[in-house]
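The following exchange asks on what grounds certain terms are applied to a protein model. Each reply sets a value against a definition and then concludes.

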Amino acid sequence: MDHTPPAAPTRVEHVMESIRQRIASRLLTPGAKLPSIRAFAGALGVAKSTVVEAYDRLIADGTIASRRGSGFYVSGHMPPLALAEIGPRLDRAIDPLWVSRQSLEASEKMLKPGCGWLPASWMPQEALRRALRSLSRRQHNAYLTDYGRPLGLAPLRQFLSRRLFDQGIDAPPDQILLTDSGTQAIDLLCRFLIEPGDAVFVDDPCYFNFLAMLRAHRARIVGIPFTPSGPDIESFGKNLAEHRPRLYITNSALHNPTGATLSPTVAHRLLKLAEAHGLTIIEDGIFADFEPEPGQRLAGFDGLERVIHIGSFSKTLSAALRSGYIAARRDWIDGLIDMKLTTSFGSNPFAAELVFAALSDGFYRKHLDGLTRRLADAMGETLARLKSLGFTPWIDPKGGMFLWMRLPDGLDSADIARRALAENVVLAPGNVFSVTQSAGAYMRFNVAQSRGTRLFTVLEKALRDSVRKRPVSSR
């Protein structure tokens, strides 16, 4: 096998790739005029002859066309939106969509400590079977055939209202909109609240699908450094004045990927900044049920004025039952219903009925208590084993399923992920979660998916091989 590394792209290829990325991300559309040769050469810091050759090659392959006396223009029709092409081209090991696909397509023989869900054996399968049997005995089965009400199943919204109240959030049932997942909740809110080009703040690091979703909506993503008590408030304030964002998306409870918990002081300062700058905050509480004790909720402090709270049951009940929710201001719910009807025409009544049937038989609180204890055991075991390999925790989380760990010896987590994948282990390297690509020394571990010895044997070998392959001067 030929192990010769691929040649670095030439300057001409770099110019061509820059243009192709702009077309793929819709910054340049069919018929749009390209910069002049002189202007583009100056912007990229290359010779004019380099741009001339790049333009000639792009004309030859039909990407652009030359109009005599006028300049160069993008050819053809609008290409399909390619999410992987939006933003800088990422190594496959740190491409969030690729990491998601690897986890979802993994065979039984693959380990998935990089994924974001619990093992199937941890989920309440018998309770779901009971719920299915209960539904099957009903005389009226409209949930099997009808679209469902626009707001979603009323008894489930009433249940959610009580659950949110226990977390300090006052959300009456008519201020709760059911969605087909937490992901759909974010998608609806992005469609409802932002336009292409709008600035949106995210934590750096943050849940990687926030980044993918915002790229799909062609938002301008701005990363705010994240600390053990929440976003860096000084950086947040400075960037507010500079970028004037429309949204900020975050986890306040057991932050993904760090496991951190928002402090009351940071929460109050954050809400004051949001009010002063007209900022809307989307608070994703998907991991809230894993907290040993309820933490601070931005929506609780704010009263659903500037904060929208979302969640789902995919982490605690079943990822197969696509059921999420949005809790928001009453005057926004009506517009969100219209957006939901436009994009999916109604709810998923079968999933909602099944989720409610499972939740209403009294097992859920006991199930959560068991998960919390089981995760605490896995957290201690995984943390000890990773420390023995030289990893260092960013914090010791209060609960949840994630550890955010710094690699030993300044090693690159993407390199370790590539080596582990060859051994059928899917890892989550740090830069998957970082809009600024500044987390290369970190890796997220799902402690529930890190049991047994095989993972740590693979990690030990990958760490050893990575050190050996480094130049002597960098060791």
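The questions and answers below concern burial, contacts, cysteines, backbone geometry and internal space.

This is a predicted model, in which local features need pLDDT of at least 70, side-chain atom pairs count only at pLDDT 80 or more, and totals for chains, interfaces and linings use all residues. Residues are numbered from 1 along each chain as its sequence is written, and side-chain values use heavy atoms, with hydrogens and water left out.

Q: Why is Q175 called buried?
A: Buried means under 20% relative accessible area, exposed over 50%, and partly exposed in between, with a 1.4 Å probe and protein chains only. Q175 has a relative accessibility of 9%, and therefore counts as buried. Q175 is placed in the loop between helix 6 and strand 3; here helices (H or I, at least four residues) and strands (E, at least two) are DSSP runs numbered from the N terminus.

Q: What makes the pairing of Q175 with R330 a polar contact?
A: A polar contact is a pair of N or O atoms within 3.5 Å; within protein, one must be able to donate a hydrogen and the other to accept it, and residues adjacent in sequence count only if both atoms are side-chain atoms. The side chains of Q175 and R330 are joined at 3.3 Å, so the pair falls within the limit. A polar atom of the Q175 side chain also lies 2.9 Å from the backbone oxygen of A328.

Q: Which residues does Q175 touch, leaving aside those up to four places away in sequence?
A: With contact taken as heavy atoms within 4.5 Å, Q175 touches L304, I326, A327, A328, R329, R330 and I333.

Q: What makes helix 13 a mostly covered element?
A: Helix 13 spans residues 349-359, and ten of its eleven residues are buried. Among them are P349, E353, F356 and L359. The cover over these buried residues includes helix 5 (125-136), helix 6, strand 3 (176-179) and helix 14 (364-388).

Q: How do you know that C115 is in no disulfide?
A: A disulfide is a pair of cysteine sulfur atoms within 2.5 Å. The closest cysteine sulfur to that of C115 belongs to C206 and is 18 Å away, which is too far for a bond, so C115 is unpaired. C206 is likewise in no disulfide, as the nearest cysteine sulfur, that of C190, is 12 Å away. A search of the whole structure finds zero disulfides.

Q: Why do C115 and C206 count as buried or exposed?
A: The relative accessibility of C115 is 2%, so C115 counts as buried. C206 has a relative accessible area of 1% and is therefore buried.

Q: Where are cis peptide bonds found, and what is omega at each?
A: One joins D204 and P205, with omega about 15°; P205 is in the loop between strand 4 (199-204) and helix 8. Another joins N256 and P257, with omega about 20°; P257 is in the loop between strand 7 (247-250) and helix 10 (264-277).

Q: What sets the phi values of L254 and N424 apart for comment?
A: Phi of L254 is near 50°, a positive value in a residue other than glycine. N424 is not a glycine either, yet has a positive phi of about 65°.

Q: Why is N424 called partly exposed?
A: The relative accessibility of N424 is 25%, which lies between the two limits, so N424 counts as partly exposed. L254, at 3%, therefore counts as buried.

Q: What makes an empty space a cavity or a pocket?
A: On a 1 Å grid over the protein atoms alone, a cavity is a set of points where a 1.4 Å probe fits but cannot get out, while a pocket is an open set with protein on both sides within 12 Å along at least five of seven lines; lining residues have an atom within 4 Å of a point. Grid points are joined across faces, edges and corners, and a volume is the space filled by probe spheres set on the points. The structure holds five cavities of 30 Å³ or more. The largest cavity has a volume of about 130 Å³. Of its 14 lining residues, Q167, D289, S312, F313 and Y325 are the closest to its centre.

Q: Which helix gives the most to the lining of the largest pocket?
A: Helix 8 does, with six residues. The largest pocket holds about 1200 Å³ of space.
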